[in-house]
Amino acid sequence: MNVVVLIKQVPDTTNVRIDRKTNNLVREGVPSVINPDCMHALELAAQLKEKHNATVYVITMGPPQAINALKDAISFGLDEAVLLSDRAFAGADTLATTYTLYKGIKKIEEKIGKIDIVLAGRQAADGDTGQVGPGVATRLGYSLAAYVTSIEKIEKDEIILTRRLDRGYEKVRVKIPCVLTVTPELNEPRYASLPNLIRSLRYQPIVWNKDDINADPKKAGFFGSPTRVVNTNIPPARKGGDIISKNESPEIAAQKLLDELKKFESIRLIEGLRVLVGDKK
Amino acid sequence: MIKFDVVVIGGGPAGLSAALTLAKSGMEVAVVEKGEYAGSKNVMGGVLYTHPLLEIVDNAVERMVNEKAVERSVIEQNMFLLGNGSVLKVGHRNPEWKNTPNAFTVLRAKFDQWFAKIVEEAGVLIITKTKVEDFIWENGKIKGVITSRPEGEIYCKAVIIAEGVNPILTMKAGLRKEDIKPNMAAVAVKEVIDMPEDIINTAFNVDSKSGVTYEILGEWSEGMFGMGFLYTNKDSISIGCGVLIEELKHRNIKPYQLLDNLKNHPIISDIIGEYKNNVKEYLAHLIPEGGYYSIPQLYGDNVLVCGDAAMLVNSIHREGSNHAITSGRLAAETLVDAFNKGEISKKTLKSYVERLKESFILKDLEKYKDLMPTMEKNQHFIELYPSLFNRLATRFLTVDGTPKTDVEWQIIDSLRNERGLIGLGMDALKLWKGVR
């Protein structure tokens, strides 16, 4: 079984601030980390390696600094990591990104044979589109399961899994080869073992440029991106809630809360319906 | 099985300096650091002396400046005695320090990462996000460390403990019987306040490469013995203070209240002005201030202690990181000698203490060994003198038609009334004994 994990390096969101004047993220001095959702894809890949003896490649597109994210990814005990880095890839939207990643995956295929499963995180903490995984599935012509929350069974040519929908969950059979994008519910990323960590610290990822993966510069990066960012906004700071009771006895506080709640139509409706269903005591 | 020649516990200045020295002698070294990166958990006021780095890093000063590891070269140092709304200052400025930097103001997260990069270039493996939890013992000797990671054992021939002020592993190694006590450590709190570079240059009368330090005694500390400080960084200032835990506990005062006192003192408030609320970072840490008497056993079979873990801090002179870097180097040099002799034991590692005694580290700590206890026992040093001296200065410098002879007698009278001439004499004697 051959597996490729797509990861992204993002600014550590716990440290990100927004410049209120320019509306841009203040990236200076903010450490980069593996996108949190991608951690769950890496964990799944590590499990596939352990249980199904999979060969796992990790791939990302980005500037040379993204090597750090790839080294971290190797600490999950995975086989190799590939950085797609070229000026021609810069300024990419999700369409161009999927093209470059697709070319990268094809190149990996030349080395290890047909890729059975491509894993990705649900979405990136900085862009939040959730489009790259599905886009790569389309380019590869693979079946797609997005928002995977649990995996029941992996068979020779299909996977039985559960994915999250807007309301509720859906259990599906997915034909291999496939692309899965995973949610944090799927698993708990491991705390790497010391031997794997040491290997990752010493590991040097493979770096490929546009010629290595035979990418068409017109389809990659800025020139391959129809998306233009015209404007960005920050939602206005949320106004704090009203305090309806302060330092009062629980009885009075509860009564005040009830009075407030009754101002909502939906609450009054339930109150009215109680006559129909009767009080459960 | 993972094997190294030496495992260094802790990626602060002491540990990094030890690791670098060992790696230069061709040893296989692993530094195990529990923080996310070297320096992520480290705090200090912010003055780093250059001399210990010159010993271990080639072109240390040029590299630090060019690679932006440091903020400003300190060309002016001041001591402030804060009175009630006033200040008595002593200071020294020497622009020659621009050419041969004596000290830099630093932000530790930046500096430590720079230092770690140099150490990695020398071939040291720095393992971060990993905690050493215990030692591997064989026949009563340390044979390695057990980390928090799965399959986390590392075997080695020797261990250098540079774990910092909390001596958890020093105790596990049997080199310290009891945990540090509240009178052996200060809590230091600090804010990094954003201030534009050109405003700092104007306010402190310096160019962009040069900086100023203030050490601040007096009013803010509510009579407790503690040191406040204000240092200029490139485009921010570090302001903070430290007081012994025991005193805070005894007086039931929170450290941030003292920092507020300091920031709100009219003199300090004037300096930082409208930037007072531009707090970018708030930091707090324990500083070992037990001095000479709190130093643990510094060596054992296959093990040495350095830096804060060895309590090697000269709190009177705000020196700690230079002790850390130097003690790390000396510990490493001791080990290298022991490796060359082919015997790593108490017998060969004992010379570490000799090396420390020959260096400024133990000489300085011994010199000041009784000063802290003297200060603690004599609260009036801090309660009385800063405000008294401020009042005397005001009296002396206020010209209101009083003849100078009368002014002198007024000053002598207030000294007599507030402390008594015998008391003054005794205090001078105590102080002299403390620093002799």
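In chain B, strand S8 (residues 132–138) and strand S9 (residues 141–147) are paired in the antiparallel sense through six bridges, where strands are DSSP runs of E of at least two residues, numbered from the N terminus, and two of them count as paired if DSSP finds at least two bridges between them. Within this pair, Ile136(B) has Gly144(B) in S9(B) as its bridge partner. The hairpin formed by S8(B) and S9(B) has two residues between the strands, and Asn139(B) adopts a positive phi near 50° there.

The model is predicted, so that local features need pLDDT of at least 70 and side-chain atom pairs count only at pLDDT 80 or more, whereas totals for chains, interfaces and linings use all residues. Residues are numbered from 1 along each chain as its sequence is written, while chains are lettered from A and ligands numbered from 1 in the order in which they are written.

For chain A, the domain assignment, whose bounds come from an automatic or database source, gives domain 1 (2–224) and domain 2 (244–281). The C-alpha centres of these two domains of chain A are 48 Å apart.

Nine strands of chain A form an open sheet of mixed pairing, in the order S11-S10-S9-S12-S8-S1-S6-S7-S13. Strand S11 (169–175) and strand S13 (206–208) of chain A occupy the edges with a single partner strand each, so one side of each is left without a neighbour in the sheet. On average, neighbouring strands of this sheet are turned by 35° against each other, direction ignored, the axes being lines fitted to C-alpha atoms, for helices over the stretch in contact, with angles between N-to-C directions running from 0 to 180 degrees.

Within the sheet, strand S6 (residues 55–61) and strand S7 (residues 80–84) of chain A run parallel and are joined by five bridges, with Val58(A) standing opposite Ala81(A) in S7(A). Helix H2 (residues 67–74) of chain A packs on the sheet, where H2 touches S6 and S7 of chain A and makes about 165° with the direction of S7(A); helices are DSSP runs of H or I of at least four residues.

Between the chains, eight residues of chain A are in contact with nine residues of chain B, contact requiring that C-beta atoms, placed from the backbone, lie within 7 Å. The side of chain A that touches chain B comprises seven nonpolar, one polar and no charged residues, with Ala, Val, Leu, Ile, Met, Phe, Trp, Tyr, Cys and Pro counted as nonpolar, Asp, Glu, Lys and Arg as charged, and the others, Gly among them, as polar.

Technical notes
Two residues are in contact if their C-beta atoms, placed from the backbone, lie within 7 Å.
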